[in-house]
Amino acid sequence: MADVLCVGGTGTVGRRVVEGLVARGASVRCLTRSADRAGASGERVEFMQGDLERPDTLGPALEGVSRMHLLTALHPHEARLGIGAVDAAAEAGVERIVFHSAHRAHAAPHIPHFASKMEILAALGASGVPWATIEPNHYFQNDLWLRRSLEAGVYPAPLGGAGLHRVDVRDIADATVNALLDDGHEGIRYPVVGPQLLTSEHVARIWSEHLGREIEYVGDDLDAWEARASRSLPEWLVRDLRVMSEHFLAEGLLATEEDFATMSHVLGHAPRVFEDFVRETVAAWSGGGA
């Protein structure tokens, strides 16, 4: 089975990708910036110190690797870092790259990190390395960061009324693993979306039902959101996320029938439902397990 380098393999999506690869019998190498974690290993998983901001570390990480999962973190220079990783993979002779992009990034290039994804995609196309992209909608699991607000009776994330086909991170991981290990995915851009168009009203109602208290949606007030976000996030990231949120409020992030048909080739099962995620999450928060 192929050796896979996971760039971004310790985060919300990447960790599940690693688990899925190991379950399929792949040997995985995770790039990590942590000196403490480097050198650690688990069952079929090796952690190697490296950083996209230090291109000299990529060559050693790519030795013996035939496939790479490239998940670039939000960064003011995300495009440059991602392109550097593509170039290093091409030089190392990697046989396939699966790049984690964003759903309909091409339709909203005014969003800074969406524009970065498109620049990296262009580099992939020019690299000569066979590639596929996984392009997910807004994650269900983003709501895990909102526990305190939800317990206070408020849903603060700016989703708006146009709606998003939000998706479970586990579906993103399943699609990624299949694109990395199975044949027939070369050159395909895969939208990964949930089955329902979820508006702010719908999301607040589902949380209300399962938490047993009224949840008020307040996310359309982007000035208030920006004031909160500025307490913990750097200025460049707050600007980027505000532009994205303005787009969501005005346009939503909607899937098409073509998106669902394309996704079916890589996901391998029906996409998970938001209400099931909420039910599992509330049970976990209350000590009942996930």
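**Close-up 1. Asn 178 in helix 6.** Asn 178 is part of helix 6, which covers residues 169–181, in what is a predicted model. The relative accessibility of Asn 178 is 15%, and because residues under 20% are classed as buried, Asn 178 counts as buried. Apart from neighbours within four places in sequence, the residues in contact with Asn 178 are Arg 24, His 185, Val 266 and Leu 267.

**Close-up 2. Helix 3 and what covers it.** Helix 3 is made up of 15 residues, 78–92, and at 1.5 Å a residue these should span 21 Å; the C-alpha atoms at its ends are 21 Å apart, so the expected span and the distance in the model agree. The buried residues of helix 3 are Glu 78, Ala 79, Leu 81, Gly 82, Ala 85, Val 86, Ala 88 and Ala 89. Their cover includes two helices, helix 2 (58–62) and helix 4 (112–127), together with two strands, strand 5 (67–70) and strand 6 (96–100). After helix 3 comes Gly 93, a residue whose phi is positive, near 80 degrees.

**Close-up 3. The largest nonpolar core and Tyr 155.** In soluble globular proteins, nonpolar side chains tend to be buried together. The largest nonpolar core in this model has 33 residues, and the members that touch the most others are Phe 114, Leu 150, Tyr 155, Val 203, Trp 207, Phe 274 and Val 278. Two or more residues of this core are given by each of helix 7 (200–211), helix 8 (222–229), helix 9 (235–251) and helix 11 (274–285). When residues up to four places away in sequence are not counted, Tyr 155 touches Leu 150, Val 203 and Trp 207, and also Asp 143, Leu 146, Arg 166, Ile 215, Glu 216, Tyr 217, Val 218 and Gly 219. Separate from this core is a second one of 31 residues, with Val 98, Val 167, Ala 173 and Val 192 among them.

**Close-up 4. The second largest pocket and its lining.** The second largest pocket holds about 200 Å³ of space. Its lining consists of His 103, Arg 104, His 106, Glu 135, Arg 189, Pro 191, Thr 256, Glu 258, Asp 259 and Thr 262. Strand 9 (189–192) and helix 10 (257–267) each supply at least two residues of this lining, and the largest share, three residues, comes from helix 10. By type, five residues of the lining are charged, four are polar and one is nonpolar.

Key: Residues numbered from 1 in each chain as written. Predicted model: local features only at pLDDT ≥ 70, side-chain atom pairs only at ≥ 80, totals over all residues. Heavy atoms only, no water. Helix = DSSP H or I, 4+ residues; strand = E, 2+ residues; numbered from the N terminus. Expected span 1.5 Å × (residues − 1). Buried < 20%, exposed > 50% of the residue type's maximum accessible area, 1.4 Å probe, protein only. Contact = heavy atoms within 4.5 Å. Core = buried A, V, L, I, M, F, W, Y, C linked by side-chain atoms within 4.5 Å. 1 Å grid on protein atoms, 1.4 Å probe; cavity = no way out; pocket = protein on both sides within 12 Å on 5 of 7 lines; lining within 4 Å. Points joined across faces, edges and corners; volume = space filled by probe spheres on them. Nonpolar A, V, L, I, M, F, W, Y, C, P; charged D, E, K, R; others polar.
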